[in-house]
Amino acid sequence: MITTKHLLIKPYKLEDSNSFLESLTENREHLYDYFANMIKVNGDLELTKKYLGQKEIDWQENRGFACGIFTKEDHQLIGHISVREIDWRVPKGELAYFIFKKYNGNHYAAEALTAFKNWCFAEKKFNRLFMKIAAENIASIKVAERSGFIYEGLLKKDYRRKEQDLIDMNIYGYTEDLKLERTNSQNTDFSELIIKLDANLASRNGDMQEYFNQFNKVDSIKHVIIAYVNDIAIGCGAIKQFDAESVEVKRMFVSEEFRGRGISRKILSELENWAKELGYASTVLETSNVQIEAVGLYNKSGYAITENYGQYKGIESSICFKKSI
């Protein structure tokens, strides 16, 4: 299940058959231009049960991932989103969605599309998603662009609408180009990421975060890595001198929607490379025992738990690590 501010996006179950069929029937005219086949194969309840049953099989066999879009507040079915025509050699897939007519105008489409796109990349490790959008469908084009999709080209007379007119379709694609940039603590992108990091830490560490904050000042840090995806700053990390032989890794963070892609490990590796270039032999760091993902990252990255150092001595929630580089 994918949870957003207003929505729940989750795989269909057979008990969704009635509400799915009712909503399709009510929205027949609204959807028929671009989802005629879906309307046809859901002509009655038995056909809808068969349709949703097939979607479950497709999911289990990694042939496609179809979800209902539900309101978070009252669990009303408000739309559909899926990725299909998957080529796992890339991997890539075609994404399609719709929102039922009475729920238009609430920005649900962009919220669902962005969240589902991020899930495809984080959980299913897609490298490319694309959508075919009618050149005349301005509303859907705006949603695609708001969700990070980029116009890639025009398919002339590619789709037959209402079994009559052949219309042109635009191709909108999404890929993620990761760039790691070396900078310092004066970088404004770094400052904005730190605000997000501190908010996340406060929510996890509670009252203890006030104690930790005094050791997290970054004003004079000279070695900062910022991760950019499609030129948007989404993660960071820093190193500062610990002693003559070591640097301390600080301020590791990746925005929630980009987690699960191995970005934090790449930031950490780049920090280690930078430390070696500067002539250091090891790295040390501290994290909290409530930072389960961070503990897992450091364990997988060759760090060994060491005795709590400096200000972290006697702090039961702190876990300190060290690694020879």
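Tyr 228 counts as buried, at 7% relative accessibility (buried means under 20% relative accessible area, exposed over 50%, and partly exposed in between, with a 1.4 Å probe and protein chains only). The model is predicted, so local features need pLDDT of at least 70 and side-chain atom pairs count only at pLDDT 80 or more, while totals for chains, interfaces and linings use all residues. Residues are numbered from 1 along each chain as its sequence is written, and side-chain values rest on heavy atoms, with hydrogens and water left out.

Tyr 228 sits in strand 10 (residues 223–229); strands here are DSSP runs of E with at least two residues, helices are runs of H or I with at least four, and both are numbered from the N terminus. Leaving aside neighbours within four places in sequence, Tyr 228 is in contact (heavy atoms within 4.5 Å) with Asp 177, Leu 178, Lys 179, Glu 181, Asn 187, Asp 189, Ala 233 and Ile 234. Glu 176 is 52 residues away from Tyr 228 along the chain, with 9.5 Å between the two C-alpha atoms.

Gln 241, by contrast, is exposed, with a relative accessible area of 52%. This residue belongs to strand 11 (residues 232–241). Beyond its neighbours within four places in sequence, Gln 241 touches Ser 246, Val 247 and Tyr 280. Gln 241 and Tyr 280 are 39 residues apart in sequence, and 8.9 Å separates them C-alpha to C-alpha.

Now to the sheet. Here 8 strands make up an open sheet with mixed pairing, in the order 1-2-3-4-5-6-8-7; two strands pair if DSSP finds at least two bridges between them. Its edges are strand 1 (2–3) and strand 7 (150–161), each of which pairs on one side only. Strand 1 runs antiparallel to strand 2 (residues 7–11), and 2 bridges join them. Thr 3 has Leu 8 of strand 2 as its bridge partner. Helix 5 (residues 108–123) packs on this sheet and touches strand 1, strand 2, strand 3 (65–71), strand 4 (77–87), strand 5 (92–99), strand 6 (128–134) and strand 8 (165–174). The direction of helix 5 makes about 35 degrees with that of strand 4 (axes are lines fitted to C-alpha atoms, for helices over the stretch in contact, and angles run from 0 to 180 degrees between N-to-C directions).

Two of the loops at these strands hold backbone oddities worth a look. Pro 91 is in the loop between strand 4 and strand 5, and the peptide bond leading to it from Val 90 is cis, with omega near -15 degrees. His 75 lies in the loop between strand 3 and strand 4. Although not a glycine, His 75 has a positive phi of about 60 degrees, and it is partly exposed, with a relative accessible area of 46%. Arg 251 also has a positive phi, near 55 degrees, without being a glycine. Arg 251, however, is in strand 12 (residues 246–254) and is buried at a relative accessible area of 7%.

As for empty space, the largest pocket holds about 1300 Å³. Its lining counts 50 residues, with Tyr 34, Phe 35, Ala 96, Tyr 97 and Phe 98 nearest the centre. Strand 5 gives the largest share of that lining, 6 residues. By class, the lining has 25 nonpolar, 11 polar and 14 charged residues. A pocket is an open set of points on a 1 Å grid over the protein atoms alone where a 1.4 Å probe fits, with protein on both sides within 12 Å along at least five of seven lines, and lining residues have an atom within 4 Å of a point. Volume is the space filled by probe spheres set on the points. Asp, Glu, Lys and Arg count as charged, Ala, Val, Leu, Ile, Met, Phe, Trp, Tyr, Cys and Pro as nonpolar, and the others as polar.
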